[in-house]
Amino acid sequence: MPVIAVLVALMLFVVVLIGAVTGSTPNACGQRATGPPVAGIPANYLALYRKASVDYGIPWEILAAVGSIESDHGRSRAPGVRSGENDAGAGGPMQFLSGTWASFGVDGNHDAEKDRHDPADAIPAAANYLRHNGAPPKMRAALFAYNHSKTYVDDVLNRARKYKTTPASSSSPTEGASPAECADAAAITAPNETIAKIIAFAMAQRGKPYVFGATGPDAWDCSSLVQAAYAAAGLTIPRTTFSQWPFGVRVPNSQARPGDLVFFNSGPGTSNNHPGHVGLVIGHGQMIAARCSSCHPAIGVEPYRRSDWTGTTRPLLRILRSRPSVPPHARALPRS
């Protein structure tokens, strides 16, 4: 087979296995563009907050809290909300100054126009601006950059917490992480659907107990959690940390990215070449891991940059190379 044909076949296979999609990608707090109604937020604005959350990785409740303060979700009749500017020069439902809008405005509805008075443009622009200023990891600093007031920052976080925990019916509160926890745990948007499924499954296990040797669904240990997360995407990796370590393709720690496994010299009988603990990278220097039976939470998000970090592997590379549908000569292309 000619080399060009082999390259094309291999590229097609990779696209089929891990084709990039963005519409269904969850952020670190497991939010998607759809969800139940929330009291006090118009349905069209709620949908835009959730979509911007998916696209930019900013918790939707943070965006909703900003929109609530700035314009009552577009319902305010104050100067500048629906047209023009107020005395401070701000305009639109998210109250952008013209100079800030020029730098961070977004054509959210793809109508070839960036209109700060259009919520379809203004809401993703707010997410874009917050992310530029360090959110989600540095949420307070990003909100302070949005409005230079500590009182404003506290107001946003308090409103966000209420939105997150209070659905349309106050008799059936939703459960979930607080805005601060979402900010600390927020992930880089998953680069493709396969990794999105892996991360989404693992994040859904937060709060469950750690039991050594458990394989779910009610409890997990560190290696069974990541094995099950990969299985949720239709992929098979070994069961234990000791066998997962040599399975994936080693990558430099500096290149860790969502979906990778990070290993630690932690636990009895372990060493740098025989790590005993594993976590799943979700982004922004964070991993989700089943930690220990006395940890709170036992399964949760935490930084992986620590002194006992032994190494990083990328199981997807191993899986790609071992798929029988890829011809052997396509796995190792000849040198030119």
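Start by selecting strands β6 (residues 286-290) and β7 (residues 299-303), which run antiparallel and are joined by five bridges. Strands here are DSSP runs of E with at least two residues, helices are runs of H or I with at least four, and both are numbered from the N terminus; two strands pair if DSSP finds at least two bridges between them. Zoom in on A290 and you'll find it opposite I299 in β7.

Bear in mind that this is a predicted model, where local features need pLDDT of at least 70, side-chain atom pairs count only at pLDDT 80 or more, and totals for chains, interfaces and linings use all residues. Residues are numbered from 1 along each chain as its sequence is written, and side-chain values use heavy atoms, with hydrogens and water left out.

Now add β5 (residues 277-283): it runs antiparallel to β6, with three bridges between them. G283 pairs with Q286 of β6. The two strands form a hairpin with two residues in between, and H284 in that turn has a positive phi of about 55°.

Back to β6: five of its five residues are buried (under 20% relative accessible area with a 1.4 Å probe, protein chains only; over 50% is exposed, in between partly exposed), so the strand is largely enclosed by the rest of the structure. Colour Q286, I288 and A290 for one face and M287 and A289 for the other; both faces are covered.

Next, select helices α2 (residues 43-56) and α3 (residues 60-71), whose axes (lines fitted to C-alpha atoms over the stretch in contact, with angles from 0 to 180 degrees between N-to-C directions) come within 8 Å and cross at roughly 135°. Show L46, Y49, R50, A52 and S53 of α2 with W60, L63, A64, G67 and S68 of α3 to see the contact (heavy atoms within 4.5 Å).
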